[in-house]
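User: I should like to learn how to read charged side chains and backbone angles in a protein model. Could we work through one case together?

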Amino acid sequence: QFDHVNQARRQPGSTFKPFVYAAAFADGSSPRDTFIDQPVSITSRGGEVWSPRDATPPTGRPMTLRDGLVQSRNS
């Protein structure tokens with residue numbers, strides 16, 4: 001059988017996402033803070049553009065940080 005714990009390859013975002021949320025909460029954000037679930041593009045200092053994606057498209061609706069973490073949303 002396939003052992004998902006030891007054999008599955010995961011994207012790094014799944015590993016460090018809780019740390020990013022923890023840093024946001026430590027900086028004063030609340031799990032109840034709301035953002036629009038929409039496409040995001042981040043430009044690096046070098047000019048590269050990164051756009052995170054999810055398995056399902058953005059809803060365009062408000063979503064709390066708590067729900068974003070629970071649903072593992074990237075947008």
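**The surroundings of Asp37**

Analyst: Let us begin with contacts. Setting aside residues up to four places away in sequence, Asp37 touches Pro58, Thr59, Gly60, Arg61, Met63, Arg73 and Ser75. Please keep in mind that this is a predicted model.

User: Where does Asp37 lie?

Analyst: Asp37 belongs to the loop between β1 (34-36) and β2 (42-43).

User: Is Asp37 buried or exposed?

Analyst: The general idea is a cut-off: a residue is called buried when its relative accessible area is under 20%. Asp37 has 3% relative accessibility and therefore counts as buried.

User: Which backbone atom lies 3.0 Å from a polar atom of the Asp37 side chain?

Analyst: That atom is the backbone nitrogen of Thr59.

User: How many salt bridges are there?

Analyst: A salt bridge requires a side-chain nitrogen of Lys or Arg within 4 Å of a carboxyl oxygen of Asp or Glu. By this rule there are 3 salt bridges. One of them joins the side chains of Arg73 and Asp37, with an N to O distance of 2.9 Å. Arg73 lies in the segment after α3 (65-70) and Asp37 in the loop between β1 and β2, so this pair ties together parts 36 residues apart in sequence.

User: With which other residue does Arg73 form a salt bridge?

Analyst: Arg73 also pairs with Asp54, where the closest N and O atoms are 3.7 Å apart. Because Asp54 is in the loop between β3 (49-50) and β4 (62-64) while Arg73 is in the segment after α3, the pair ties together parts 19 residues apart in sequence. Asp37, Asp54 and Arg73 are thus linked in a network of salt bridges.

User: Why does Arg73 count as buried?

Analyst: Its relative accessibility is 12%, so Arg73 counts as buried.

User: How should one read the salt bridge between Asp67 and Arg66?

Analyst: One reads the distance and then the accessibility of each partner. The side chains of Asp67 and Arg66 meet at 3.5 Å, N to O. Asp67 is partly exposed, with a relative accessible area of 30%, whereas Arg66 is exposed, at 51%.

User: My last topic is backbone angles. What is the phi of Ser72?

Analyst: The general idea comes before the case. Most residues other than glycine have a negative phi. Ser72 is not a glycine, yet its phi is positive, about 55°. Ser72 is found in the segment after α3, and with a relative accessible area of 35% Ser72 is partly exposed.

Conventions:
Residues numbered from 1 in each chain as written. Predicted model: local features only at pLDDT ≥ 70, side-chain atom pairs only at ≥ 80, totals over all residues. Heavy atoms only, no water. Helix = DSSP H or I, 4+ residues; strand = E, 2+ residues; numbered from the N terminus. Buried < 20%, exposed > 50% of the residue type's maximum accessible area, 1.4 Å probe, protein only. Polar contact = N/O pair within 3.5 Å; in protein donor to acceptor, adjacent residues only side chain to side chain. Contact = heavy atoms within 4.5 Å.
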